[in-house]
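The paragraphs below lead through one protein, from its overall make-up to its strands, its helices and its pocket. Please keep the sequence and the model in view while reading.

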Amino acid sequence: MTPRPGTMRLACMFSSILLFGAAGLLLFISLQDPTELAPQQAPGIKFNIRPRQPHHDLPPGGSQDGDLKAPTERTTRDLSSGAPRGRSLPAPDQPQSPLQRGTRLRLRQRRRRLLIKKMPAAATIPANSSDMPFIRPGPGTLDGRWVSLHRSQQERKQVMQEACAKYRASSSRRAVTPRHVSRIFVEDRHRVLYCEVPKAGCSNWKRVLMVLAGLASSTADIQHNTVHYGSALKRLDTFDRQGILHRLSTYTKMLFVREPFERLVSAFRDKFEHPNSYYHPVFGKAILARYRANASREALRTGSGVRFPEFVQYLLDVHRPVGMDIHWDHVSRLCSPCLIDYDFVGKFESMEDDANFFLSLIRAPRNLTFPRFKDRHSQEARTTARIAHQYFAQLSALQRQRTYDFYYMDYLMFNYSKPFADLY
């Protein structure tokens, strides 16, 4: 039986459609990046420590505008995990089409896979450490010393991020808000973000930032009140959402920390053993009223004469008569290091080396070094481990243990040893 012409035409058309569909599917598969066929882990923002030239092409900053949700979950991921990193947000003033972003993303993914495959196991950089190439500050510098400082940075970042991964896993579900960046100061010329940790060299660091910004010619010219009560330096939370995210993704972020017990004693000596028109009436009066039996009327009127054990009682009381203060708050609360990936972690105990190493990395002027002078009560000795031990000897073993527990995350994240042998 001879097939009808109409039936043959329908069969040919159907066959053609199938062939074109199969060819299109093959073409799509050949062009697709294999990594995009599987769910991707959201990498955190990576900020390399590298010298930066002064820049002036910044987006306008405005007032804060609520929670800062990044364009995707990637920008707010907890940076402590071992997921691959290396992605930065595009600057707000450089919009990119979806096609350009997709092409660049695929190129970076392929490049990263190739590098990982070719990298020798012994030379592999830990996932949580900075991948910054070592930069010599200048001719004549001792190579070994700066290599050692760079290695120390890698180790500090790794310890900090491992602690975050273990104890702060919930940070991966949080977004950066103005509260998280309220202690961060901005220096736009050298693209620096500094998180202020009181009693860890913050006054002198603000002086350095002011010199870097061109607001003063020398750190020695800047008075204490100008540093703390002036408005010369901007805080990151004063910028709008776009300005905050841009700076977090492109600037060098650093903080300096201090042994927690020494920092606490330093704050107590500064605020309660010297006349103070704020801490005595606000904190002193409340502490004396709550924790000193039979306090004199004069003590209750002025708030002066708080003793260290009374101060520690206040600190450990879950129902404090007056709130927390930045001078003895946890670094983990002040700077949110489990949410913000700091490029540089310095320590008060090695301030001179760490500070000048950092200044060399951002290509600060060669004549600018970290100041050594004591900002307040200059005739009084700095708080050392020995002095801190003398104060903590006034406490019971239980109070020392509870104070250590209070600062446990700071001890863990910044790799400080237990200050007393009986602590656990």
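What percentage of the 424 residues in the protein do buried residues make up? In this model, which is a predicted one, buried residues account for 47% of the 424. The protein contains 15 helices and five strands, and, among its contacts with a separation of 6 or more, 77% are between residues 24 or more positions apart. Its accessible surface comes to about 22200 Å², and carbon and sulfur atoms hold 56% of that area.

A convenient place to begin is the set of paired strands. Strand S1 (184-187) is covered on both faces, with Ile184 and Val186 buried on one side and Phe185 and Glu187 buried on the other. In a regular strand the side chains alternate between the two faces of the sheet. S1 pairs with S2 in the antiparallel sense over four bridges; Val186 has Leu193 of S2 as its bridge partner, while Glu187 is bridged to Val192 of S2. The hairpin that these two strands form has four residues between the strands, and in this hairpin Arg191 adopts a positive phi near 55°. S1 also pairs with strand S3 (residues 234-235), again in the antiparallel sense, here over two bridges, and the partner of Phe185 in S3 is Arg235.

Strand S2 (192-195) shows a comparable arrangement of side chains, since Val192 and Tyr194 point one way and Leu193 and Cys195 the other, and all of these are buried. Besides its pairing with S1, S2 pairs with S4 in the parallel sense over four bridges, and one of the bridge partners here is Leu255 of S4, which is matched with Cys195.

Which parts of the structure do the buried residues of helix H4 pack against? They pack against S1, S2, helix H5 (224-229), S4 and H12. Helix H4 (residues 202-212) is largely enclosed by the rest of the structure because 11 of its 11 residues are buried. The buried residues of H4 include Cys202, Ser203, Asn204 and Arg207, as well as Trp205 and Lys206. After H4 comes Gly214, whose phi is positive, near 80°.

Helix H6 (residues 241-250) is likewise mostly covered, with eight of its 10 residues buried. The buried residues run through Gly243, Ile244, Leu245, His246, Arg247, Leu248, Ser249 and Thr250. The cover over them includes strand S1, strand S2 and strand S4 (252-257), so that these strands belong to the surroundings of H6 as well as to those of H4.

The next feature to look at is the largest pocket, which holds about 1100 Å³ of space. Of the 49 residues that line this pocket, Lys199, Cys202, Ser203, His228 and Asp375 are the closest to its centre. H4, H5, helix H7 (260-272) and H12 each supply at least two residues of the lining, and H5 gives the most, with six residues. By residue class, the lining of the largest pocket divides into 18 nonpolar, 14 polar and 17 charged residues. Cys202 and Ser203 appear among the buried residues of H4 and also among the residues closest to the centre of the pocket.

Is Phe373 buried, partly exposed or exposed? Phe373 is partly exposed, because its relative accessible area is 33%, a value that falls between the cut-offs of 20% for buried and 50% for exposed. Phe373 lies in the loop between helix H12 (351-361) and helix H13 (385-392). Leaving aside its neighbours within four places in sequence, Phe373 is in contact with Asn204, Arg207, Thr219, Ala220 and Arg382; of these, Asn204 and Arg207 are buried residues of H4. Although Phe373 and Thr219 are 154 residues apart along the chain, their C-alpha atoms are separated by 10.0 Å.

Methods:
Residues numbered from 1 in each chain as written. Predicted model: local features only at pLDDT ≥ 70, side-chain atom pairs only at ≥ 80, totals over all residues. Heavy atoms only, no water. Buried < 20%, exposed > 50% of the residue type's maximum accessible area, 1.4 Å probe, protein only. Contact = heavy atoms within 4.5 Å. Pairing = 2+ DSSP bridges. Areas by Shrake-Rupley, 256 points an atom, 1.4 Å probe, with all protein chains shown as cover. 1 Å grid on protein atoms, 1.4 Å probe; cavity = no way out; pocket = protein on both sides within 12 Å on 5 of 7 lines; lining within 4 Å. Points joined across faces, edges and corners; volume = space filled by probe spheres on them. Nonpolar A, V, L, I, M, F, W, Y, C, P; charged D, E, K, R; others polar.
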